[in-house]
Amino acid sequence: MNFFEMFMADYLGRLKTGDVYGGLVAAIVSIPIALTFGVASGVGPEAGLYGAVIIGLIATLAGGSKTLISEPTGPMTVFMTAVFSSHIVEYGLQQGMIYSFTVVFFAGVFQILLGYFKLGRYFRLMPYSVISGFMSGIALILIIMQLPAFMGHEAVKGGIIGLINNLPELLEHISYVELGIGSGALLVLIFYPKSWQSRFPSQLAVLIFFSFLVYLLPGNENIRLIGAIDLGWPNFNLPLIPLDHNWSSVFMDAFLLALLGSIDTILTALIADSLTRKEHNSNRELIGQGLGNLTAGLLGTLPGAGATMGTVVNIRIGARSRWSGVMRSVFLVILIFGAAPLIQFIPLALLAAIAFKVGIDILDWSFIKRAHKISQGAFFIMYGVLLVTIFVDLVIAVGLGIFVANMLTIEKLSHLQSFNMRMISDSVDTAPLTKEERGIFDRIKSRVFLFYLSGPMIFGVARAIQRERKNIGPCHHLIVDLQDVTHLDTTVLLAIENMVDEALEYGKSVYLVPGERIVEKRLRKLKLHQKIGEKNIFKDRLSALRDVEQSAL
């Protein structure tokens with residue numbers, strides 16, 4: 001076996017029948033989805049098809065999951081539809097498209113940087129209520145934006161608000177034939193038997209059946225079709241940044257697109273892990289996705305991410321190695337060019353129905369139905385993010401959701417951590433003291449106060465520390481016991497310094513038990529040891545109490 005053969009066997013794995021079948025079925029599933037998202041984005045079906053091929057191949061070869069299928073997805077398409085629309089309105093068709101694909105290019109760069117700096121694991125730590133609200137909001141945008149095509153109209157400008165404003169006019173001039181095609185296709189997609197899905201995907205079934213039905217209908221010239229498509233080699237797009245006030249929006253949009261694609265991918269990779277019982281490499285997967293989207297930006301295709309539907313189908317058919325993704329791209333190219341003459345006859349209302357069903361599937365029905373029972377905070381965050389996503393802005397929705405969720409979490413943690421903070425003035429049973437330490441407390445009575453903290457201390461506890469400062473007035477000696485503290489936040493550290501300064505100002509003796517070496521190092525950087533004096537620094541609480549006893553008696 002030569003070096004190349006060894007590399008192929010080692011890296012891609014040995015080509016097995018399951019990988020071939022998995023790649024074939026995943027390719028069949030991808031075609032209607034790619035066509036749908038290409039048309040829905042406004043760029044054209046070619047951008048969706050080439051995106052499915054290019055991103056799928058590169059992410060498979062460079063990513064951190066062996067069976068993940070990557071292609072244009074609903075969330076990425078919804079976001080890019082807004083980007084394309086805003087840039088075309090601002091700069092015209094040609095220049096607007098260049099700036100839009102520059103966003104895709106830099107989104108790929110940001111994803112590569114996220115993977116390189118090993119930030120992949122943090123995408124698993126995002127609050128679920130924020131992810132759920134954001135994804136459900138995008139799903140509803142995807143559904144609502146299909147209404148014009150569903151009723152036989154061109155896409156409406158102005159996003160969701162523009163569509164709502166034009167809804168009376170759309171309803172007044174409905175094409176009932178196209179509405180019937182879209183409704184019929186949607187009903188088939190919804191009620192399609194699950195047992196048939198792996199053998200003959202529902203999207204392909206409705207695509208073939210309804211396209212053939214429209215072809216046979218008399219007077220079909222009034223039905224809006226995809227039309228002829230250009231499957232020549234994609235055009236190279238050199239990234240360009242606008243030199244006006246909008247230059248920063250390119251990077252902001254790119255960063256949010258990178259975050260959106262990363263979240264979508266990591267969630268899909270976790271589903272793949274649960275099916276294959278193997279763990280993916282999040283950081284490497286982000287690098288692979290970044291390389292795919294960077295290339296998509298250069299070649300003018302839609303960006304992509306890990307696609308749940310394609311991934312699940314791929315694995316359930318029998319895929320277990322990277323060969324499945326490679327074979328999927330090969331089959332996609334064969335199917336696309338083989339079916340190119342027939343693609344032009346696909347009705348736009350049919351693609352709207354497929355996108356409508358994708359939106360229904362993205363909606364987090366499970367959490368939507370139970371959010372109010374699980375947590376009131378999660379309920380308001382989820383629905384708040386959902387509404388802001390639809391009616392305001394995707395960036396604001398994510399930022400606001402994360403901020404509010406984190407504030408609520410910090411408030412809860414601070415409340416719980418406040419129970420790990422005590423101002424001890426006697427040897428009551430609740431005090432965390434040994435028998436000898438209790439004896440010392442009994443002998444010196446109220447002359448010493450022990451300020452005890454334990455566990456991790458975050459900035460929310462600082463306010464509680466400030467309240468405890470009022471209680472140190474009657475004592476002569478103050479022991480600050482940090483030996484059970486595992487983490488000390490900067491804000492808490494400064495609050496402790498203020499307590500020490502106040503005690504020293506009123507002439508009290510202050511003793512410090514720093515405990516953990518990391519905690520002691522931070523205290524020394526604050527120069528707290530110089531204020532207290534090295535002789536009043538002790539390794540444990542008992543030594544500090546003994547010294548206080550000698551001073552007090």
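Helices here are DSSP runs of H or I with at least four residues, and strands are runs of E with at least two, both numbered from the N terminus. With that in hand, phenylalanine 538 can be placed in the loop between helix 24 (528-532) and helix 25 (541-552). Welcome to this structure, which is a predicted model. The tour below starts with an open sheet of four strands, moves on to the helices around it, and then visits some single residues and a cavity.

**The four-stranded sheet**

- The strands of this open sheet follow the order 3-4-5-6, and their pairing is mixed.
- At the edges are strand 3 (421-424) and strand 6 (509-513), each of which pairs on one side only.
- On average, neighbouring strands of the sheet are turned by 15 degrees against each other, direction ignored.
- Strands of a sheet pair through backbone hydrogen bonds, in either a parallel or an antiparallel way.
- Strand 4 (residues 448-457) and strand 5 (residues 477-488) run parallel and are joined by nine bridges. Within this pair, phenylalanine 451 has valine 480 of strand 5 as its bridge partner.
- Strand 5 also pairs with strand 6, again in the parallel sense, over five bridges. Here leucine 478 stands opposite valine 510 in strand 6.
- Is strand 6 largely enclosed or not by the rest of the structure? Four of its five residues are buried, so strand 6 is largely enclosed.

**Helices to look at alongside the sheet**

- Helix 22 (residues 490-505) lies across strand 3, strand 4, strand 5 and strand 6. Its direction runs at about 175 degrees to strand 5.
- Helix 23 (residues 517-525) packs on the sheet too, where it touches strand 5 and strand 6. The direction of helix 23 makes about 120 degrees with that of strand 5.
- In helix 20 (residues 435-444), the buried residues include Glu437, Arg438, Ile440, Phe441 and Ile444. These residues cover an arc of only 160 degrees around the axis, which puts them on the same side of helix 20.
- An α-helix has 3.6 residues a turn, so residues three or four places apart point the same way.

**Three buried residues and their contacts**

- Phenylalanine 538, in the loop between helix 24 and helix 25, counts as buried because its relative accessibility is 13%, and buried means under 20%. Leaving aside neighbours within four places in sequence, phenylalanine 538 is in contact with Tyr511, Leu512, Val513, Pro514, Ser543, Ala544 and Asp547.
- The C-alpha atoms of phenylalanine 538 and valine 109 are separated by 51 Å, and the two residues are 429 residues apart along the chain.
- Glutamine 111 belongs to helix 5 (residues 93-116) and is buried, since its relative accessibility is 0%. Not counting residues up to four places away in sequence, glutamine 111 touches Ala258, Gly261, Ser262, Leu286, Ile287, Gln289, Gly290 and Asn293.
- Isoleucine 263 sits in helix 12 and is buried, with a relative accessible area of 8%. Neighbours within four places aside, isoleucine 263 is in contact with Phe123, Met126, Ile131 and Met135.
- How far apart in space are isoleucine 263 and glycine 306? They are 9.2 Å apart, C-alpha to C-alpha, and 43 residues apart in sequence.

**Two exposed loop residues with positive phi**

- Lysine 118 is found in the loop between helix 5 and helix 6 (128-144). Phi of lysine 118 is near 55 degrees, a positive value in a residue other than glycine. Lysine 118 counts as exposed because its relative accessibility is 51%, and exposed means over 50%.
- Arginine 277 is found in the loop between helix 12 (247-276) and helix 13 (282-299). Phi of arginine 277 is near 60 degrees, again a positive value in a residue other than glycine. Arginine 277 is exposed, with a relative accessible area of 79%.

**The cavity**

- How many cavities of 30 Å³ or more does a search of the whole structure find? The search finds one.
- The largest cavity holds about 30 Å³ of space.
- Its lining is made up of Leu189, Gln203, Met309, Ile354, Lys357, Val358 and Asp361.
- Helix 16 (residues 348-362) supplies the largest share of that lining, with four residues.

Key:
Residues are numbered from 1 along each chain as its sequence is written. This is a predicted model: local features need pLDDT of at least 70, side-chain atom pairs count only at pLDDT 80 or more; totals for chains, interfaces and linings use all residues. Side-chain values use heavy atoms; hydrogens and water are left out. Buried means under 20% relative accessible area, exposed over 50%, partly exposed in between (1.4 Å probe, protein chains only). The arc is that of the directions from the helix axis to the C-beta atoms. Two strands pair if DSSP finds at least two bridges between them. Axes are lines fitted to C-alpha atoms, for helices over the stretch in contact, and angles run from 0 to 180 degrees between N-to-C directions. Contact means heavy atoms within 4.5 Å. On a 1 Å grid over the protein atoms alone, a cavity is a set of points where a 1.4 Å probe fits but cannot get out, and a pocket is an open set with protein on both sides within 12 Å along at least five of seven lines; lining residues have an atom within 4 Å of a point. Grid points are joined across faces, edges and corners, and a volume is the space filled by probe spheres set on the points.
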